[in-house]
Amino acid sequence: MVAWPRHAEDVAASLAWAKAEGVVVVPYGAGSGVCGSAMGRAGSLVLDLKRLDHLGPVDPVTRTVRVGPGMLGQHLEDRLARLGWQTGHSPSSIGCSTVGGWAAARSAGQFSSRYGVFDDILLAAELETPAGRLRCGDWTAPGEEDLLPILCGSEGGLGVFTDTLLRVAPTPAVRRLRGFAFPSLTAAWEAMRAMLQAELWPVVLRLYDPVDTRIGGRIHPPKHRQEAEGARRGRAALQRIRDRVRRTPALQRHLLDLPLALPGLLNRIAGELGQEVLLITGFEGDEALVDRQWRAAAPLLAAARDLGTEPGERWYQHRHDVSYKLAPIFSMGSFADTMEVACPWSKLGALYAGVREAIGRHALVMAHFSHAYPEGCSIYFSFVGAGRTAVYDALWSEALAAAAAAGGTVTHHHGVGPLKAAAAAKEAGAALRVWSEVKRALDPTGIMNPGRPYPAEPVSDEPGPSPPVGGPVYALSAEDRMADVDPDAPVEAIEAALSAAGFALRFRPDRPLGAWLRALRRSSLNPWEAPLFGLQARFPDGASVRLGPAPRSAAGPDLRPALLRRAKVELVQVPLRSATAVAVTPPEGLDPRDLRPAWATADQWGFVGDAAETLAALGTAPAAPRCPTRAPRSEP
Amino acid sequence: MKPLVEYETCTFCPRLCRAVCPIAVGSAREAATPSSMMSGPYLHAVGTISAEDAADLASLCTRCGACTEFCHLGRPVAPLLAEALGALTAPAAPAPFAPVQGEGALVAVICGDEDWSGALGALLGEPVASFRSPDHLGEALLDHPARFEAHAAALKAHFSGATLVVSDHGCSRVAEAAGLTVRALHSLVPLPTGPVFHPCQGPRLEGEPVAEALACCGAAWPLSTRHPEVAAEVAEAAAARLGGVQVCSPDHRCAAALRRHGASVVDPVSALLRPAGRGGQPGA
């Protein structure tokens, strides 16, 4: 059965009926999910939510807008653009995915380095659940627990989104992207990390591995190295062969099948094509700010050959085209798929090598690194193989295991679905207890999309970690700009220990970190600010779990806030910044949400990191830095 | 029907064109996306579904062409669906030609209940004949090129020397395809200044100008004939999005569909028969 509710009341009535009849309910947006969480099943009621597509006015002060969950992404951006606004959320599926789907699967867009993932953009939501209406995020009733973190990413397993409140940002005056050729992957991701930890907030950071760089034809050699006449003739002959193949489907099929049956050889050949890689990056916003950001970024990109604006502009113009290139592969009976994983910078090399090797045993594999943050980065693997189900299944199983073994999350923004349910449950470990508790409360008869995002009866037999020793700082990673700290220790004690290493807490809480995080309201932070990475918690029966620190994981809901309330949290992994800072009086006419200083008070803006001096020059006079403490709640 | 390859690329595509399809957006149905429509001929060609089911999918298209304009692969989706529908269905016999009523170099093609030829004659100061055509000059034959040829010849003979005045896009397409001399009624009747409504899609942001709130009426053939329930959903959604604001449409059939769902629409026929200040609200 399919129902098309127009109002929240229609959803409530549908759920009441389904509950009474014991019918499974599958919420459905636009069906673009690649992991299968919105698949209907025999006898189920599919709630197609695309008619819940209301759109409220933009509030220019709070920079928010109310949006129905059925709104198609492209429509939302088109409508907002006419009034000078955007969400900044731009997934590849923007034309065939909905706001509700973004929330349900914890989507991330191509500009997430600047605007955050959808968790960061979604400030409040209303849902219908079998237990009744639920308001969360900024709409949480006083005294009630905010369940937004566990609802976002629940993939229809708890309830149905019927209304949302989203952040918006001004349409940028300019967007300036450039391409850079780096001699190696390592050199390129070092540059990415440097730009992010300098808090420059580029709108795009997109690095192609050597195979993707070559196959995509993304870098052309400098003119002095261009081929001689013989090479030109060879290229022309190759083009004639390509044209012939294109005109002959049978030949095309064989030419694809044969090499795909030998993926190891294919990957070795691809690996010999060269090590030079392409990074596309850039900034958007007010022209003067963008100029300033580029000036600050220049020394961080010095190891690369500047390819100019063309690669960036070409990528922007054709950023959705790659999906269309898959159609001919499917029609020839082969498979093509993608897998996105993520980890902190310090594990990136191991994650890339491990997953690439696992996939490469079965298919031609290439990757790009995008969705980068100060603490880490996602890797997006694309692969093409010969069309046998057993090969495809083995590939996924081995690749997911390799991602977990390397310390990455098994999904960054594609969600979970049946494809990754077991792997996501393993990643969550004993934290699934909090999921089960909330599931029992909101969906006591289990009608909501059973088995999504976790298997129906998730069991974790993994032994949990031991309690940390030492403290208040248990571990510090300068590379990842994060530290494992005691959540109950006085903030001053943590700061003192960090200061000795040249770091400070990225956010200075006004109370111990554990209490601050428990009380935190998402809208008190800016969308680009991540207050917590991993945590370790222990339940009263001694079971323990370590979550994270993979940045912005979408392997099911964010279970950390619920764990903070329901278990003894032994360790929190929090962001750091350089201890040195530059402060200036607030520049006139600028909104701190656009320039993004590390802190902004009425009398000063503070900047940290390698670009601090350059960015601070926008201010009018030097001031002694005084980083303020942050309250966990501010009025939305 | 074109070879299979013409349809399968679309069937495997990432479906980003759904956002520009007025039927997919207005109906919110998964079966009504351009790629789902294209899957009909494909699945029939590979033996999965019947010709009737395939025609059901192909006939959800109103031929607005937005998907073709959008497609990153350059697929001519609307023409392919039209050709497939022609191949999957037998041509319906056109309604017998009624005699042309009255005299005049202009012949008003009347597809609805109201005969506006007299009012047009009064407006222009010259006699206008009328011709009743409930099947919009036999627009269903447009998908059957072989059959349409004879139909076009018959039309030409029937209207020899006359200029047809048409009030909707369907009649206009047939007249042009048949090589008849044709004028659109909206080019002869002044419409109130304001936003013009035409097949399109999209919800309206609060505060956004109505001109941007375009939405498809769902009235065009073959959708309204083969899938009246989907056409009604599309029109209902469009009317809801207009939110009670009066709009103009150059197409009488579109306007009538929207009015059935409570929208306030002025079109050339309503403007002609019920001008503002003379008999109530225009288009009411």
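**Entry 1: the sheet at strands 24 to 27**

I began in strand 26 of chain A, where I looked up W605(A) and found that W605(A) is the bridge partner of A600(A). I note at the outset that this is a predicted model. Strand 26 covers residues 605–608 of chain A, and I find that strand 25 of chain A pairs with strand 26 in the antiparallel sense over 2 bridges. Stepping back, I see that these strands belong to an open sheet of 4 strands in chain A, with antiparallel pairing and the order 25-26-24-27. The edges are formed by strand 25 (599–600) and strand 27 (622–623) of chain A, each of which pairs on one side only.

**Entry 2: strand 7 and its neighbours**

I next turned to strand 7 of chain A, residues 122–129, which is mostly covered, with 8 of its 8 residues buried. Strand 7 of chain A pairs with strand 8 (residues 132–137) of chain A in the antiparallel sense over 6 bridges, and a hairpin through 2 residues joins strand 7 to strand 8. Within this pairing I located A124(A) opposite G137(A) of strand 8. Strand 7 of chain A also pairs with strand 9 (residues 160–167) of chain A, again antiparallel and over 6 bridges, and here I found T164(A) of strand 9 as the bridge partner of A125(A).

**Entry 3: the cores**

I then looked up the largest nonpolar core, which has 136 residues, and the residues with the most contacts inside it are L151(A), M192(A), M339(A), I359(A), F369(A) and L563(A). I followed L563(A) further: leaving aside residues up to four places away in sequence, L563(A) touches A431(A), V434(A), L535(A), A537(A), F539(A), V545(A), L547(A) and V569(A). Apart from this core lies another, of 31 residues, and I noted Y7(B), C10(B), A24(B) and V230(B) among them.

**Entry 4: helix 3 of chain B**

I finished with helix 3 (residues 34–45) of chain B, whose axis comes within 7 Å of that of helix 4 (residues 51–58) of chain B, the two crossing at roughly 160°. Because angles over 145 degrees count as roughly antiparallel, helix 3 of chain B is roughly antiparallel to helix 4 of chain B. On the helix 3 side the contact involves residues including M37(B), P41(B) and H44(B), and on the helix 4 side residues including A54(B) and L57(B).

Helix 3 of chain B also packs on helix 6 (residues 77–88) of chain B at an angle of about 40°, with the axes 10 Å apart, which makes helix 3 oblique to helix 6. I recorded this crossing as left-handed. The contact includes M37(B), P41(B) and H44(B) of helix 3, together with L80(B), L81(B) and A84(B) of helix 6.

Key:
Residues are numbered from 1 along each chain as its sequence is written. Chains are lettered from A and ligands numbered from 1 in the order in which they are written. This is a predicted model: local features need pLDDT of at least 70, side-chain atom pairs count only at pLDDT 80 or more; totals for chains, interfaces and linings use all residues. Side-chain values use heavy atoms; hydrogens and water are left out. A nonpolar core is a set of buried Ala, Val, Leu, Ile, Met, Phe, Trp, Tyr and Cys residues joined through side-chain atoms within 4.5 Å. Buried means under 20% relative accessible area, exposed over 50%, partly exposed in between (1.4 Å probe, protein chains only). Contact means heavy atoms within 4.5 Å. Two strands pair if DSSP finds at least two bridges between them. Axes are lines fitted to C-alpha atoms, for helices over the stretch in contact, and angles run from 0 to 180 degrees between N-to-C directions. Angles under 35 degrees count as roughly parallel, over 145 as roughly antiparallel, 65 to 115 as roughly perpendicular and the rest as oblique. A crossing is left-handed if the near helix is turned anticlockwise from the far one by less than a right angle, and right-handed if clockwise.
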